[in-house]
Amino acid sequence: MPLSLRLSIADTLTLGNATCGFMAVYFTTTGILIPHLMGSDESGMARHSAATAVILMLCAAVFDLFDGLVARKLRSSPMGAELDNLSDLISFGLAPAYFVLVYGMVAHDANEQVAAVGAIVVLLAVVLRLARFSCVTLRDGVFQGMPSPFGALTVVSIVLLGLPFFATLLAIVGTAWLMVSRVEYPKPQGRLAVAMLSWIVLSMGLLAAWAFDAPGGQLLLQTGCALQVVLGAVIPLFATARRVNNFRDNRREARAAHMP
């Protein structure tokens, strides 16, 4: 095959990312939406399917984390960057946006039309963020705007928290804004990558406990979702404070340089 069409190991991981995103949409449809449209009162099936869909998004985040690491250690094909963006769009754009849409259709206090608008906002935020990522060059070690995997997990965490409908939509729109903002987020490298992977594995455990109705499973899940949302809100505050401090330090240095 031509070199431009040969898949590397990193590309295979990227395709795993896309597969997980598609299967998350599948379980959201077959386990939550279709039973609701058919009038089923089986809440356990919906809980299992919701947990499965979110676990698949977490698996997609693991694939996304490792494909970059593998590409840096080994190699990536000429298609690598395009495959990564397309896979991220499925797993962290379409899948969470569809999750929000279905939430708006099945929740008792939700409004389907308003939820559809929120889902579109999430999808467009990820599209714009991925397009900007391909065009803008930043200094090493940082992302501009909340990374799409982190944003997707924050969106589904907000939904699973079970807050009032309009509070949920406002938090979702706020997360979408953070994804297209200029707030700098650190790239998951070294210890941060290990911490992120550990957090994903812990989140999978919390979702499994909730899905199988383990004692305290609901409380554990809500605690994990709340921590995810808090992290999403706190990181921009630290980043903003750091930028303000850097700006002040630069001004002091400039004043000191102009002093006789």
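**Figure 1. Proline 149 in the predicted model, a buried residue of helix H5.** At 8% relative accessibility, proline 149 counts as buried, because the limit for that class is under 20% relative accessible area. The structure shown here and in every other view is a predicted model. Proline 149 belongs to helix H5. Beyond the residues up to four places away in sequence, proline 149 touches Ala61, Asp64 and Phe92. A further pairing shown in this view is that of proline 149 with methionine 57: the two residues are 92 residues apart along the chain, and their C-alpha atoms are separated by 8.3 Å.

**Figure 2. The largest pocket and its lining.** The largest pocket holds about 1100 Å³ of space. Its lining is made up of 41 residues, and those nearest the centre of the pocket are Asp64, Phe143, Pro147, Lys187 and Pro188. Asp64 also appears in Figure 1, as one of the residues touched by proline 149. At least two lining residues each come from H1, helix H2 (43-73), H3, helix H4 (112-135), helix H5 (148-161), strand E2 (184-186), helix H7 (191-211) and helix H8 (217-258). Which element gives the most to the lining of the largest pocket? The answer is H2, with eight residues.

**Figure 3. The largest cavity and the residues around it.** Two cavities of 30 Å³ or more are present in the structure. The largest cavity contains about 140 Å³ of space. Lining this cavity are 14 residues, with Val54, Ser157, Ser203, Leu207 and Cys225 lying nearest its centre. H2, H5, H7 and H8 are the elements that give two or more residues to this lining. These four elements are also among those that each supply at least two residues of the lining of the largest pocket.

**Figure 4. A nonpolar patch on the surface.** Four residues, Phe22, Tyr26, Ile90 and Leu94, form this patch, and together they have about 380 Å² of accessible area. Helix H1 (9-37) and helix H3 (80-106) are the elements that give two or more residues to the patch. Tyrosine 26 is located in helix H1. This tyrosine counts as partly exposed because its relative accessibility is 42%, a value in the range between the buried limit of under 20% and the exposed limit of over 50%. For the chain as a whole, the accessible surface comes to about 14100 Å², and 69% of that surface belongs to carbon and sulfur atoms.

**Figure 5. Asparagine 85 in helix H3.** Is asparagine 85 buried or exposed? With a relative accessibility of 14%, asparagine 85 counts as buried. Helix H3 is the element that contains asparagine 85. Leaving out residues up to four places away in sequence, asparagine 85 touches Leu130, Phe133 and Ser134. Within the chain, buried residues make up 43% of the 260 residues.

**Figure 6. Valine 180 and its contacts.** Valine 180 lies in helix H6 (residues 165-180). The residue counts as partly exposed because its relative accessibility is 29%. Apart from neighbours within four places in sequence, valine 180 is in contact with Ala125, Leu128, Arg129 and Arg132. The last of these, arginine 132, is 48 residues from valine 180 in sequence, while the C-alpha to C-alpha distance between them is 8.6 Å. Across the chain, among contacts between residues at least 6 apart in sequence, 81% join residues at least 24 apart.

**Figure 7. Alanine 233 in helix H8.** Helix H8 contains alanine 233. This alanine has a relative accessibility of 45% and therefore counts as partly exposed. Alanine 233 and leucine 178 are separated by 55 residues in sequence and by 9.1 Å in space, C-alpha to C-alpha.

**Figure 8. Aspartate 213 in the loop between H7 and H8.** Aspartate 213 is placed in the loop that links these two helices. The phi angle of aspartate 213 is near 55°, a positive value in a residue other than glycine. Aspartate 213 counts as exposed because its relative accessibility is 58%. For orientation within the whole chain, there are eight helices and two strands, and along the sequence they follow the pattern α-α-α-α-β-α-α-β-α-α.

Notes: Residues numbered from 1 in each chain as written. Predicted model: local features only at pLDDT ≥ 70, side-chain atom pairs only at ≥ 80, totals over all residues. Heavy atoms only, no water. Patch = residues over 30% accessible without salt bridge, like charges linked within 9 Å, V, L, I, M, F, W, Y side chains within 5 Å. Areas by Shrake-Rupley, 256 points an atom, 1.4 Å probe, with all protein chains shown as cover. Salt bridge = Lys/Arg side-chain N within 4 Å of Asp/Glu carboxyl O. Buried < 20%, exposed > 50% of the residue type's maximum accessible area, 1.4 Å probe, protein only. Contact = heavy atoms within 4.5 Å. 1 Å grid on protein atoms, 1.4 Å probe; cavity = no way out; pocket = protein on both sides within 12 Å on 5 of 7 lines; lining within 4 Å. Points joined across faces, edges and corners; volume = space filled by probe spheres on them.
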